[in-house]
Amino acid sequence: KQGAAALESLGKVADRDMPYLNNTIGFVYLNVQHQPEKARDYFRKEIALKANVDAAVLNLSRLAWESRNLTDLEALAKDPALGGKVPLNFLRYLSLVRMDYFSYAVNLLKSEADRFSWESLLPSLVIALMFLVYVYFVDAFEKEKVSLLAVVFGLGMLSTVLVMVFYDLGVVYFGQGADGNELHDLLYFIFRVGLFEETVKALPVLLVVLVLRNWSEPVDILVYGAVSGLGFACLENAGYFSHVAIGLIMGRTLSAVVLHVCLTGLAVYGIFYQRYQKDPLGLLYIPGCFAAAVVAHGLYDYFIGSSLGMGILSTVILFYMIIAFRNMLENALDQSDLPDGGPFTIRLSLYLFYGVLGVLCMQFVILGVQYGEGLALRNMGLNLLQYYFLAAVLITQFGNIKVVRHKWRSLWDSKNRD
């Protein structure tokens with residue numbers, strides 16, 4: 001009914017060559033009426049009129065891909081006038097199907113370059129550096145070489161490219177992603193988003209600890225996991241800041257960045273547990289912890305985007321992951337050879353407080369320069385209201401790491417810290 005009503009209203013427009021009109025009609029036919037053949041004619045008319053050409057080419061590309069009309073998609077890509085307007089994701093899909101891996105690699109690199117600007121990368125690096133310094137000082141007994149951490153961070157950044165390959169393969173062989181069907185979306189977020197992203201973030205860690213065998217202290221594997229997660233989050237943030245909103249800096253600092261660190265730690269925690277805990281079932285912790293990270297990641301993203309209004313559950317998952325990562329750190333540090341026998345506390349609350357405050361001020365300055373002082377002040381006030389509690393949880397949980405020789409804690413225990 002909505003589609004028919006929209007088409008009836010659009011049909012009343014006297015000027016049938018009005019820019020945007022034919023693309024809009026085609027969009028209704030494609031997405032609401034599900035009549036792709038009629039939609040194609042209107043998109044082509046929009047192009048012939050040289051009106052909203054970019055949108056019409058995008059819609060034609062999508063129509064050709066979804067109907068698996070690769071001949072039309074290939075013709076569109078090779079068209080001298082329109083080929084440059086075909087979205088890179090459809091060119092990547094086409095290259096994979098045609099097994100033209102060189103073209104795929106070229107389009108993949110172009111896609112990654114288009115994802116962010118240097119202006120969006122800079123604040124992302126500042127956020128990552130703030131947490132990298134924290135991770136460096138948490139590794140209290142035998143700090144890793146900065147050069148090695150830089151390599152792991154770089155590999156974490158590169159893992160965002162690898163995950164794009166996984167997503168593309170998923171689209172080519174299993175179809176598009178989230179479509180509004182709750183069960184389908186739940187499975188998509190767990191078995192694609194969660195599985196793909198936790199896999200690529202864990203790979204740099206596995207390379208260092210299993211291939212290079214650079215694992216001298218129990219906590220090292222969690223340090224590498226945190227640094228890899230920060231590398232991944234850094235480029236992901238740059239994409240969000242560039243294409244969504246620079247005003248997301250504070251929110252993503254306290255949510256997405258922290259979650260990536262915690263989840264990557266959980267994904268590799270089973271390897272640490274199997275090595276240091278004398279448990280006959282220790283081997284099961286390796287796939288078990290990885291699976292837990294995958295499911296937690298998928299559920300977090302699913303609840304955020306769910307139409308059922310369950311966003312609060314994503315916040316609950318984030319809180320529990322913060323607690324779990326703190327306990328993982330303490331368990332790992334507890335198994336180290338303490339210099340004075342312990343117990344003692346690694347105190348970083350003040351550093352985290354000023355670090356979070358610095359990120360908030362950075363966002364204020366960027367918004368002030370780009371959009372004016374008034375918007376920057378309103379945004380700061382809104383951020384203080386929205387993220388005060390989350391910032392307090394992060395600082396209190398990560399700020400005081402208590403080390404007790406050979407103590408083991410439950411990952412989800414928020415109280416037993418003596």
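This report covers two pockets and one buried asparagine in a predicted model.

The model is predicted, with local features requiring pLDDT of at least 70 and side-chain atom pairs pLDDT 80 or more, while totals for chains, interfaces and linings use all residues. Residues are numbered from 1 along each chain as its sequence is written, and side-chain values use heavy atoms, without hydrogens and water.

A pocket is an open set of points on a 1 Å grid over the protein atoms alone where a 1.4 Å probe fits, with protein on both sides within 12 Å along at least five of seven lines; lining residues have an atom within 4 Å of a point. Volume is the space filled by probe spheres set on the points, which are joined across faces, edges and corners. Ala, Val, Leu, Ile, Met, Phe, Trp, Tyr, Cys and Pro count as nonpolar, Asp, Glu, Lys and Arg as charged, and the others, including Gly, as polar.

| Pocket | Volume | Lining by class |
|---|---|---|
| Largest | about 1,500 Å³ | 23 nonpolar, 18 polar, 8 charged residues |
| Second largest | about 250 Å³ | 11 nonpolar, 1 polar, no charged residues |

Glu 197, Glu 236, Tyr 240, Arg 252 and Asp 301 are the closest to the centre of the largest pocket among its 49 lining residues. Helix α16 (residues 373-399; helices are DSSP runs of H or I, at least four residues, numbered from the N terminus) gives the largest share of that lining, 7 residues. In the second largest pocket, α16 again supplies the largest share, 7 residues. Its lining includes Met 250, Phe 353 and Asn 383.

Asn 59, in helix α4 (residues 53-66), is buried (under 20% relative accessible area, 1.4 Å probe, protein chains only) at 5%. Its side chain makes a polar contact (N or O atoms within 3.5 Å, one able to donate a hydrogen and the other to accept it) of 3.0 Å with that of Asn 23.

Definitions and conventions:
Helix = DSSP H or I, 4+ residues; strand = E, 2+ residues; numbered from the N terminus. Buried < 20%, exposed > 50% of the residue type's maximum accessible area, 1.4 Å probe, protein only.
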